[in-house]
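Visitor: Could we go through the pockets of this protein together? Please begin with the residues that form the walls.

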Amino acid sequence: MEKEYLLSFSSFYKAAYAQEVLEEEGIRSSLRRLPAELIHSCGTGLYLRTGSIQQVVDVFDGRQIVPRGIFEIQGRGREERKYRKVQ
């Protein structure tokens with residue numbers, strides 16, 4: 001079952017580079033604005049759907065990309081959305 005994830009980075013450029021690397025590996029993601037409660041230094045993150053976030057983590061490890069946080073998105077509506085940090 002696919003889940004939705006949000007990945008935060010320390011800069012827009014790191015997020016854009018991470019998106020390019022994932023695309024090379026056939027993993028679709030999109031650059032989007034982070035929710036206010038997750039913004040620390042950069043307001044842009046990657047959103048993606050996958051059955052296993054471990055595949056993304058493995059790709060990042062191979063390229064020495066370190067996201068600031070990986071969050072599972074829970075809930076459907078905007079008011080119901082919660083972000084559970086998984087890494």
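Visitor: Which residues line the largest pocket?

Guide: In this predicted model, the lining of the largest pocket is formed by Met1, Glu2, Lys3, Glu4, Arg49, Glu72, Ile73, Gln74, Gly75, Arg76 and Arg81.

Visitor: Which elements give two or more residues to that lining?

Guide: Two or more residues come from strand S1 (3–8) and from strand S4 (69–74). S4 provides the largest share, with 3 residues.

Visitor: And how does the lining of the largest pocket divide by class?

Guide: There are 7 charged residues, together with 2 nonpolar and 2 polar ones.

Visitor: How much space lies in the largest pocket?

Guide: The volume of the largest pocket is about 290 Å³.

Visitor: Let us turn to the second largest pocket. How much space does that one hold?

Guide: The second largest pocket holds about 240 Å³.

Visitor: How many residues line the second largest pocket, and which lie nearest its centre?

Guide: Its lining consists of 13 residues, and those nearest the centre are Arg28, Ser29, Tyr47, Leu48 and Arg49. Arg49 also appears in the lining of the largest pocket.

Visitor: Which strands supply at least two residues each there?

Guide: S1, strand S2 (30–33) and strand S3 (44–50) each do so in the second largest pocket. The largest share, 4 residues, belongs to S3.

Visitor: What are the classes of residue in this second lining?

Guide: The lining of the second largest pocket has 5 polar, 4 nonpolar and 4 charged residues.

How values were computed:
Residues are numbered from 1 along each chain as its sequence is written. This is a predicted model: local features need pLDDT of at least 70, side-chain atom pairs count only at pLDDT 80 or more; totals for chains, interfaces and linings use all residues. Side-chain values use heavy atoms; hydrogens and water are left out. On a 1 Å grid over the protein atoms alone, a cavity is a set of points where a 1.4 Å probe fits but cannot get out, and a pocket is an open set with protein on both sides within 12 Å along at least five of seven lines; lining residues have an atom within 4 Å of a point. Grid points are joined across faces, edges and corners, and a volume is the space filled by probe spheres set on the points. Ala, Val, Leu, Ile, Met, Phe, Trp, Tyr, Cys and Pro count as nonpolar, Asp, Glu, Lys and Arg as charged, and the others, Gly among them, as polar.
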